[in-house]
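Thanks for coming. I have one structure to go through, and I will keep it brief. Please have the sequence and the model open.

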Amino acid sequence: MCDACDAVVQLTALEASEEEQRADGVPLFCGKCGEKHVYRVASCQLCGSYYFSSDVPNSPGRCMICFPPKREELDPEPEPILEDDGKPLPPSE
Ligand SMILES: [Zn+2]
Ligand SMILES: [Zn+2]
């Protein structure tokens, strides 16, 4: 599916590998808008709509209709993990 124009591109495994060679990897070129924005998608088992799989940048990797983002995912600021004595854990590197 094209990330730029939402066109759904149906490719066989052979066509997909040819397109990957032509585009020098993913994303592939879109046949509709010509942008190099075509990523592999999965179809939702619940509602059948397409969603970008988790290897696509900025993609949640799931159907946003059936699995909308939770509140903590919208706010990426992690809560500091406190030890029993109340001191924050040292930052792990
Ligand atoms: Zn497109
Ligand atoms: Zn769904």
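**Backbone, fold and core**

I start with P27, which sits in the loop between α1 and β1. What is the peptide bond from V26 to P27, cis or trans? The bond is cis, with omega near 0 degrees.

Before going further: this is a predicted model. The mean pLDDT of the chain is 85, and 85% of the residues score at least 70. Where is confidence lowest, and where is it highest? Helix α2, residues 71-74, has the lowest mean, at 65, while helix α1, residues 13-22, has the highest, at 94. Where pLDDT is low, the predicted coordinates should not be read in detail.

Now the fold. The chain has two helices and two strands, and from the N terminus the order is α-β-β-α. Of its 93 residues, 6% count as buried. As for contacts at a separation of 6 or more, 29% of them join residues 24 or more positions apart.

Next, the core. The largest nonpolar core consists of five residues, namely M1, C2, L28, C30 and V38. In soluble globular proteins, nonpolar side chains tend to be buried together. One member of this core is L28. Setting aside residues up to four places away in sequence, L28 touches E19, E20, A23, K36 and V38. V38 therefore appears both in the core and among the contacts of L28, given that a contact requires C-beta atoms within 7 Å.

On to strand β1, residues 41-43, where we find A42. Is A42 buried or partly exposed? A42 is partly exposed, because 14 other C-beta atoms lie within 10 Å, and buried would take 20 or more. Outside its neighbours within four places in sequence, A42 contacts Y51 and S53. Y51 belongs to the range of β2, which is 50-52. A42 is also 8.2 Å from R62, C-alpha to C-alpha, with their positions 20 residues apart in sequence.

Last, two backbone angles. Most residues other than glycine have a negative phi, and most peptide bonds are trans. D6, in the segment before α1, has a positive phi, near 65 degrees. D6 is exposed, because it has 12 other C-beta atoms within 10 Å. N58 also has a positive phi, of about 65 degrees, and is not a glycine. N58 lies in the loop between β2 and α2. N58 is exposed, because 6 other C-beta atoms lie within 10 Å.

That is the end of my list.

Key
Residues numbered from 1 in each chain as written. Chains lettered and ligands numbered in written order. Predicted model: local features only at pLDDT ≥ 70, side-chain atom pairs only at ≥ 80, totals over all residues. Core = buried A, V, L, I, M, F, W, Y, C linked by C-beta atoms within 7 Å. Contact = placed C-beta atoms within 7 Å. Helix = DSSP H or I, 4+ residues; strand = E, 2+ residues; numbered from the N terminus. pLDDT = per-residue confidence, 0-100.
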